[in-house]
Amino acid sequence: MSATQLALTLLFTPLVSAALIGVFFRRQPAIAKAISLTAAVAIAALASLLIFRTEDFTVTAEWLTIGPLTIKLGFLLDPLSKLLLAVVALVGLLVHVFSLGYMSHEENQARFFGCLSLFMFSMTGLTLADDLIMLFIFWELVGLSSFLLINFYFEKPAAVAASKKAFIVNRIGDFGFLIGIILAYWTFGSITLADIAVKIGADPSVIATSIGLLIFCGAVGKSGQLPLHVWLPDAMEGPTPVSALIHAATMVAAGIFLLCRVSVLMSADALNIILWIGTGTALFAGFVALGQRDLKRILAYSTISQLGFMVAAFALGSLVALQSGASVSLAGLTGGVAAAMFHLTTHAFFKALLFLGSGSILHGTHHEGDIYRLGGLAKKMPLTFATFTIGTLALIGCPFLAGFYSKDAILILAYQYSQPVFFCLLLGAFLTAFYMTRLWTTAFLGKARSEGAEHAHEGGPLLVVPLAVLAVGSLFAGYAWFYPEALRDVPEAALHLLHGEGHSAAMIGGTAAFVVGSALGFLLYRPGSATDFLQTRLPVVYQVLEKRLYIDAAYDWYVAKVQQRLALVLNYVDRIGIAGIGVRGIMGGGSGMISLAARALHTGSLHTYVYWFLGGVVLLWAIVTGVL
Amino acid sequence: MIFPFDPLLLAIVAPLAAALLLIAPLPERVVKAIAALGFLVPAVLGFLTWWHYGANLDAGTGYAFRTVYDTGLRDALGISLHLGLNGISMPMFLMSGVVGLAAGLYALQTKAERLRFYLGLLLVMQGGLMGVFASVDIFFFYFFHEFALIATFLMVGLWGGKDRSYAAMNMTIYLTLGAMLSLLGFILIYIKSGAESFDLIVLRHEIAQQGLSGVAQNYAFGLLMIGLGILVSLFPFHTWAPLGYGAAPSSVSMLHAGVLKKFGLYGLVQIAVPLLPAGSAAWAPALAWLALGNIVILGLVAMAQRDLKQMVGYGSVMHVGYGFLGVACLNALGAGGVVLFMVAHGLSVSLLFLLTTSIYHRTGTFDMDDMGGLVKKAPVLAAFFLTAILASIGLPGPGLLNFWGELTIFMATYEHFGWLVVPALLGVVISAIYGLRAMGKVFYGQPSAAFLKHQESNVVTDLRWNERIPALLLILTLVGFGVWPRTLSEPLNKTLGEVYPASAAAVQK
């Protein structure tokens, strides 16, 4: 099988699975599960063949030509897509296995697994895309799969609202993305990434800040950056395995992947703006996480914050590369791309682990998600506790675990480029340790504070095995030896950064953030406490954080009070103004003839219409012959 | 394949012959079979002409399947029944056949009173539609449109729903006015060209040789833009449309909003812009601004609708703004986008109207506040409706063809008008908002009190097969051409290359 055929088979396997389930097995959950799981295994196998047995390649085919517009679609397999493909295939498979156990008591399992397959199709296509349009097509399709899975519980109004919000907010980002693509086409004469890179390589002056920023809009939407982050916490209404796969490990990371893909067309100005949006998001979400009580929502804000780190990493590394005058090429891994993709990879392991761990908790406590109603889970769910602890330590940057190294690379880049950003990101790292310690002590230590937590129990092996696999990744994904040869480019490039200028400052700062953050968390959030420290001591601050700095409220206000009212006013104007006074006025007052005709036609009689028609024909005849 | 008959003439005559046959007092089963055949033939021929288009293409004229029938008016008036397809009309001819078949199949299962008469008029409409896109002669192009239009008026007036007589009257006045203005425009071209022929090929040739005076072009394009604009519900001449679609029986809404309305956009792309380069250049900025009125203002109005059918109507009217925007770019890129967009819009809008009526049959109302939770009872209907909504908002996947059309139009808009593309793209967000809101209100959440009450006395079933088949026909056609648009875009691009550079040169002259 040629590489192209292999890629096509990989791409269409999950689509076939989704179609089979959708068309034939909607009412046979057992068969649907089997098909979907088989597809996930096949994806893993085919992806391995692509990763380990296939040279990097690119292939394009002309898809649509109209006038001067030529759209070519195709595949691009390189270290970046190989790494993301590995993450998608591995986490996807683990989530499938976990879901077999987690969803076993649910209705509509066939729909769940069908949508999961649809997501795998979309995400694979996104990963392998070689051009902006193919990226955009699958970008929209992952959005669709995400919509379908968030509103899996579609009787719940909150789930319906959340899915709608996710789709529309993403669409706002895509609005910018699409303008960016259009500009890119007219600027570079192609939407194929390789062509764009060649064009820029030949003449760097064609780079325009606007294009980079507009394409970044897409990433802002999908990767939950300020101010379009509002959909991601709400998306936790979806089943927890979905939160792990889509809203933590893969889809939300697609924005980072997109940035890395288009890194060649970023100007320094664009990168500076991207840098501050990423840094701001990392800080903002870290603070807001302190004001949340729901297990999954805290993790969602944590994801937003970590995505902010990745965005900042990309911008920092690219800026450092620009300063040192590195040459532009699609294949070259700049420090920014390496650091961002490396953090994406380690984050995929520990965040998927944390989400699946919280799924295990929800499963064991009959959906008790409020951390202040949990407690004492360490004894009742030892395996979940152990793996969750590993995930937490990896996330908060405990030395020698995965997150420590990937965060360190980012901090070093920040140190090299800008002191303010360096300190902001240190604060972000401190907040990460602080809010995760709060979550960990409150949920796992002390005594059970609710019926659900009292009767907590481990799920079966289907739930535990994926946790164990991800825990291994969270422990060791920070080391280059952990990765197979074919995937080692990115981690090695990122780890290479650790020897750069400022490495000791970053290492000391990062370790200090971890130590101080978790120690302070231990001191302030006492195990077993049923109340929140901030809430009792600083209620005003807590409320602001709980209300997420009122950003969501501002959106709600805009939608209800501005947008909907504008729509209603325009509707009124349209009905009364244009249709009523305008048209009837002109017709009635201006021309008696037409109003007469109107009344005549009002009869609805067949003859009238036919006479009108004949009259028209005769009129035509008269005019034409008159001229002749 | 060389056909042993003229496929275009057969596609026009078959539905009309079926309509004539229905006059005979036949048992209902036979009536339905004849009607089904009458709808099937144009669709099959649509696919056949698409498949064999390249092999039958005549390089000299740029048309395939060309035949001229003398009507006895050629010498006196320069009118003859000249049929043929080029790259612009072939996709439209195909789409028209497919939507016609879907609308016909859907009509067969309705419980309309005087079904025989209803089917007959629908067949007349279908014959007219096939004629519109098969005509090379402008007179017959116009004539077939009127033919279909009169059937439309009658059906809205006789079988319409709420406010049908007012809607029918409103529609008739507007559309008659629009048709008259565009007729004046066509006649002006005819007179001023000196070609003494309504034949588009002759006119094109003649005008390329002689050129038209700037004044004549301005008048003619103005008449055509306003006249055809009214027919396609260009802002602010759109008010007949949501009202009319709200009242019209579903098959009529499908055929009118999906196909017949495209007469105007098609006329602009195929005839007005290439023949009147100077006139269209003068009017294009105004047209672009009015198109933005469709996209932004009517998009917001669609958001305010509580009535599902009105919302679909406004949504359809909103989206034709993209078509006008593409026309206003005056080049092959914009025009190509418009043709792809028209095919996609025709298929997706007719699908939406079809499913909207199916929803109505289950909820007993169009008021979205009185629905909710329908997905539990009708999951297939929900899946189809979601597909239709996503297609109409141009989401790649179900709406890949819509996406290609819109993307091409946006590309052309940026090239021609620069940043005007930004407000135009707002439609991408606006349509997602009203589309998903409708999805949520109708299908998701808990059933409303009114819907629960309705369920007490009515059994709510999922989509039946006689509703699924027409819907599937539309979905599969839409997705198929979306995934593989080249079979439409290659002939289209070839024709555009022949028709549009000439006009570009003329502008410079």
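**Figure 1. Helix α4 of chain A in the predicted model, viewed as a test of helix length and burial.** Helix α4 of chain A takes in residues 109-128, and because each of its 20 residues should add 1.5 Å, the helix is expected to span 28 Å, where the expectation counts 1.5 Å times one less than the number of residues. The C-alpha atoms at its two ends lie 29 Å apart, which agrees with that expectation. Is α4(A) mostly covered or mostly uncovered? The helix is mostly covered, since 19 of its 20 residues are buried, a residue being counted as buried when 20 or more other C-beta atoms lie within 10 Å of its own.

**Figure 2. The hairpin formed by strands β1 and β2 of chain B.** Strand β1 (residues 57-58) of chain B pairs with strand β2 (residues 63-69) of chain B in the antiparallel sense, and two bridges connect them. One residue to locate in this view is B:L57, whose bridge partner in β2(B) is B:A64. Four residues lie between the two strands of the hairpin, and in the turn B:G62 has a positive phi of about 80°.

**Figure 3. The pairing of strand β2 with strand β3 in chain B.** Strand β3 of chain B covers residues 81-85 and runs antiparallel to β2(B), to which it is joined by four bridges. Within this pairing, B:Y69 has B:L81 of β3(B) as its bridge partner. The secondary structure of chain B as a whole comes to 23 helices and three strands.

**Figure 4. The side of chain B that touches chain A.** Here 57 residues of chain B are in contact with 52 residues of chain A. Among the elements of chain B that give two or more residues to this side are α7 (138-159), α8 (164-193), α14 (277-303) and α20 (421-443). Which element gives the most to the side of chain B that touches chain A? That element is α20(B), with 10 residues. By residue class, this side of chain B divides into 37 nonpolar, 16 polar and four charged residues.

**Figure 5. The packing of chain B as the setting for the close-up views.** Of the 509 residues in chain B, 68% are buried, and the C-alpha atoms fill a box of roughly 70 × 55 × 40 Å along the principal axes. A compact globule with 509 residues would have a radius of gyration near 23 Å, and the 22 Å of chain B agrees with this. Among contacts in chain B between residues at least 6 apart in sequence, 80% join residues at least 24 apart.

Terms used: Residues numbered from 1 in each chain as written. Chains lettered and ligands numbered in written order. Predicted model: local features only at pLDDT ≥ 70, side-chain atom pairs only at ≥ 80, totals over all residues. Contact = placed C-beta atoms within 7 Å. Nonpolar A, V, L, I, M, F, W, Y, C, P; charged D, E, K, R; others polar. Buried ≥ 20, exposed ≤ 12 C-beta atoms within 10 Å, placed from the backbone. Pairing = 2+ DSSP bridges. Rg over C-alpha atoms; globule rule 2.2 N^0.38 Å.
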